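I opened the notebook with two matters to look up: what lies at the surface, and what lies in the interior. The entries below follow that order.

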Amino acid sequence: MGTVDTLRQKTAAYAVKEVVRLLGDEPEKHLKGLLDLAGLIAVTEDHKQVISTVRGYLDQTGEAQMPAPVRTLMRALKQMSPNCREKLLVNALVNGTLQGRVKRDAVTRDQGFRPPTIMLMSPTMRCNLACSGCYASNYKKSDDLPYSVMDRVLTEGKELGIYEVILLGGKPLVRHDVLDLIEKHDDVAFMMFTNGTLLTPAVASRLEQLGNVAVSVSIDGLAEAHDHRRGEGIFDRAVEGLRNLQAAGVPYGFSTMVTRNNAEDVIAEEFIDFLLDEGCLWGWHFLYMPVGEGADPSLMPTPDQREMLRQRGAQYIRTQKDLFVVDFWNDAPYVGGCIAGARYYFHINAKGDVEPCIFAHFATHNIKHCSLAEALDSEFFRAIKAQQPYDENLLRPCMIIDNTQVLRDVVVSCGARPTHAEAERLITDFGPALDAYAAAYKPIADEAWASLGAAKEEREAVACVS
């Protein structure tokens, strides 16, 4: 970065720290200042528009009348420890948004490809549980991604402007050196996915001391449903993990694998209110995908259930409850469709294979034998991005289950190899079932997309009149 950019970053970091310090126990009083500062730092019109909208709500309403997402933000600021507030906000706002954007712009100009904003990394595929339908199974310590490789990749990622890293697997906390890695890269904003059973008071305390990591805990329903998939007593241990995080002041949310069997349960008022009561700030709804050992397409939510989730799931929850839930598929219109292939994100598995998506287990590069820049600028990733979005209907964003020919074509044309023994079943054995699924969902999605278009036109017409 040049002198001006460096000075701007240091000034912004100082200002963010000061505003975050003032937030303290009265975020309502000082949040406007933080938003004004974020508006100055923001470098895209989309970011500026979001910040301006939230700022307008604060000017026009009291806290009780604020939209649910703003109330959720208030709750998060109160719930986080001062160290977590400062570290995560500085890393996200200054490093990720400001410094990261400058670096990504430079790479785009000088190297001819644009790095994504988010890196997914699985340090290990080992896990202390054996949940049904999970692709993380039968892995050994020898399969782990070496610490030195992870350290190098994170360093190269920051040089490319990537300051947001999601750790998953397997379970990252199975490895004790993962927390050392987070500590070394304390200018990165991390999110860790875990089953919660290893979140002891001591681990939660260490996470708070680090300050730069948020945690998403797997909760697949209330006790009976959760334990049916993950094992007897696991629900109670996961809840204990949530409470340990809350006591330490570490920000946390939940992650739910949505299947045909629990689709209705995970959007039930009782379940959502339970998650709120346990202090969750956000949540992820992930549609079950038939990948990995023992994969079963019949576990996927039906096309009708997928539409039910769109209508009564994440969108409803985040607007009516103080809980920000994201549906990885139904929220695709907000990000322009598929974000895989390093458009916004990519995945490095525990063997070092650089995959376009956490669910698309194919690769042409291994990070142990190439630089991160080489992997991100691969022919494989370029071919994927060249076809995005795969359909004008952004409710059908996926190259695995909606536009099934896309993944098959790029795998063949680019010579991508499966990254584990059963990965190829996604485009061979399961091909007919996924084609049938895509065909059944298409008319449902098309009708929904048309309705969204009509509603948007109506809002724009009203806005013009007013």
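**Surface, then core**

I looked up valine 335 to begin with, and at 33% relative accessibility this residue counts as partly exposed, because the partly exposed class runs between 20% and 50%. I note that the model is a predicted one, and I read each entry here with that in mind.

I then placed valine 335 in the fold and found it in the loop between strand E7 (324-327) and strand E8 (345-348). Tyr334, Val335 and Tyr344 together make a nonpolar surface patch of about 300 Å².

For the chain as a whole, I recorded an exposed area of about 19,700 Å², of which carbon and sulfur atoms supply 53%. Buried residues make up 56% of the 466 residues, and the secondary structure comes to 17 helices and 11 strands.

I also checked how far apart in sequence the contacting residues are: among contacts between residues at least 6 apart, 73% join residues at least 24 apart.

Turning to the interior, I asked which members of the largest nonpolar core touch the most other members. Of its 116 residues, these are Met119, Leu207, Phe346, Leu372, Ile400, Ile401 and Leu407. I followed leucine 372 further and, leaving aside residues up to four places away in sequence, listed its contacts as Met119, Val153, Glu156, Gly157, Leu160, Ile162, Phe346, Ile348 and Ile367. A second core, separate from that one, has 13 residues, among them Met74, Leu88, Leu89 and Ala189.

Key
Residues numbered from 1 in each chain as written. Predicted model: local features only at pLDDT ≥ 70, side-chain atom pairs only at ≥ 80, totals over all residues. Heavy atoms only, no water. Helix = DSSP H or I, 4+ residues; strand = E, 2+ residues; numbered from the N terminus. Buried < 20%, exposed > 50% of the residue type's maximum accessible area, 1.4 Å probe, protein only. Contact = heavy atoms within 4.5 Å. Areas by Shrake-Rupley, 256 points an atom, 1.4 Å probe, with all protein chains shown as cover. Patch = residues over 30% accessible without salt bridge, like charges linked within 9 Å, V, L, I, M, F, W, Y side chains within 5 Å. Salt bridge = Lys/Arg side-chain N within 4 Å of Asp/Glu carboxyl O. Core = buried A, V, L, I, M, F, W, Y, C linked by side-chain atoms within 4.5 Å.
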